[in-house]
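Trainee: I would like a close look at a single part of this model. Please take it slowly and connect it to what lies around it.

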Amino acid sequence: GVPPGALYYVRAGAPSGYIDAFHPDVQMFRNASSQPRLAEATSIAVAGGVTVSGIDFTLAPEGRIAGTVTNGAGGGPLTGVTVQAYAAAGTGAQFAGQAVTDGAGAYVIGGLPAGTYFLGTANSAGFRNEIYDDIPCPTFCSPLTAVAAGTPIPLGAGETAAGRDFALAQGGRISGRITNATTGAPVPFVSVQAVTQVGTSQFSASGSTDADGQYTIQG
């Protein structure tokens with residue numbers, strides 16, 4: 001059922017424990033866009049009524065990065081924190097995968113080819129996010145900053161880099177109420193943004209008013 005006359009690129013979506021790949025052996029981050037790697041893959045021309053055979057794959061075992069995220073005050077586990085992995089890509093950063101902490105504060109990011117990675121957190125519970133290892137982010141953790149300033153995590157084929165832990169500090173909060181200047185009635189669904197500048201970079205966090213016009217910006 002493949003229309004003839006075009007070039008195709010074949011990608012194997014690997015099961016857990018292996019790495020996605022384009023034919024013949026271009027390894028992929030499981031959650032990343034495929035477009036940047038097409039130039040490295042081998043194209044396949046298909047003619048009408050012809051079967052192109054021998055398009056085989058040898059899948060490599062996945063690497064993993066694991067650790068825990070805890071409350072910096074007391075050490076209790078933090079549930080629902082997203083830990084994101086990035087890899088350097090030229091002068092930029094490429095998203096490589098992520099995982100969310102469970103009830104014990106543990107996370108495992110899988111589907112990673114051999115390489116070097118950097119980590120950052122994201123949460124909505126009011127804790128200050130960090131880049132691994134122990135670099136606080138003003139609000140959100142920039143992938144570029146993570147790659148430029150974070151601690152590199154080398155990962156071999158099929159290896160698990162364990163013990164990449166975070167202890168997040170409770171962040172401050174800004175709160176208030178938005179009302180109609182004429183009637184004093186609350187104004188719901190207004191986005192409120194806090195912006196700060198660190199060096200030459202600007203960072204922001206936001207909140208939204210509820211039915212009573214109240215908002216809170218966390219972290």
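Is Cys141 buried or exposed?

Mentor: This is a predicted model, and that should be kept in mind throughout. Cys141 is buried, with a relative accessible area of 8%. The cut-off for buried is under 20%, so Cys141 falls on the buried side of it.

Cys141 has a bonded partner. Cys137 and Cys141 form a disulfide, and their sulfur atoms are 2.0 Å apart. A disulfide is a covalent bond between the sulfur atoms of two cysteines. The structure holds one disulfide, and the link of Cys137 and Cys141 is right-handed, with 100° about the S-S bond. Cys137 counts as buried too, at 2% relative accessibility.

Cys137 leads on to the nonpolar cores. In soluble globular proteins, nonpolar side chains tend to be buried together. Cys137 belongs to a core of seven residues, which also includes Tyr86, Phe118 and Ile131. This core is separate from the largest one, which has 22 residues. Among those 22, Ile65, Val69, Tyr107, Ile109, Tyr117, Leu119 and Phe166 touch the most other members. Several strands supply at least two residues each to the largest core, including strand 6 (63-71), strand 9 (106-112) and strand 10. Val69 shows how such contacts reach along the chain: leaving aside residues up to four places away in sequence, Val69 touches Pro77, Leu78, Val81, Val83, Thr101, Gly105, Tyr107, Phe166 and Leu168.

Back in the core of Cys137, Tyr86 is worth following. Tyr86 is buried, with a relative accessible area of 6%. The ring of Tyr86 pairs with that of Phe95: the centres are 6.4 Å apart and the planes stand at 70°, so the pair is edge-to-face. Phe95 is partly exposed, with a relative accessible area of 28%. A search of the whole structure finds three aromatic pairs. Another of them joins Phe29 and Tyr117, whose ring centres are 6.1 Å apart and whose planes are at 70°, so this pair is edge-to-face. Phe29 lies in the loop between strand 4 (26-27) and strand 5 (44-45), while Tyr117 is in strand 10 (residues 115-122), so the pair ties together parts that are 88 residues apart in sequence. Both Phe29 and Tyr117 are buried.

Now return to the chain just before Cys137. The loop between strand 11 (130-131) and strand 12 (135-136) holds Asp133 and Asp134. The peptide bond from Tyr132 to Asp133 is cis, with omega near 15°. Asp134 has a positive phi of about 70°, although Asp134 is not a glycine. At 55% relative accessibility, Asp134 counts as exposed, whereas Cys137 and Cys141 are buried.

Two other places can be set beside this loop. The peptide bond from His23 to Pro24 is cis, with omega near 5°, and Pro24 lies in the loop between strand 3 and strand 4. Phe189 has a positive phi of about 60° and is not a glycine; Phe189 is in the loop between strand 16 (173-177) and strand 17 (191-198). Phe189 counts as exposed, at 71% relative accessibility.

To come back to the request: Cys141 is buried, and Cys141 is joined by a disulfide to Cys137, one of the members of the seven-residue core.

Definitions and conventions
Residues numbered from 1 in each chain as written. Predicted model: local features only at pLDDT ≥ 70, side-chain atom pairs only at ≥ 80, totals over all residues. Heavy atoms only, no water. Phe/Tyr/Trp six-rings, centres within 6.5 Å; stacked < 30°, edge-to-face > 60°. Helix = DSSP H or I, 4+ residues; strand = E, 2+ residues; numbered from the N terminus. Buried < 20%, exposed > 50% of the residue type's maximum accessible area, 1.4 Å probe, protein only. Disulfide = S-S within 2.5 Å. Core = buried A, V, L, I, M, F, W, Y, C linked by side-chain atoms within 4.5 Å. Contact = heavy atoms within 4.5 Å.
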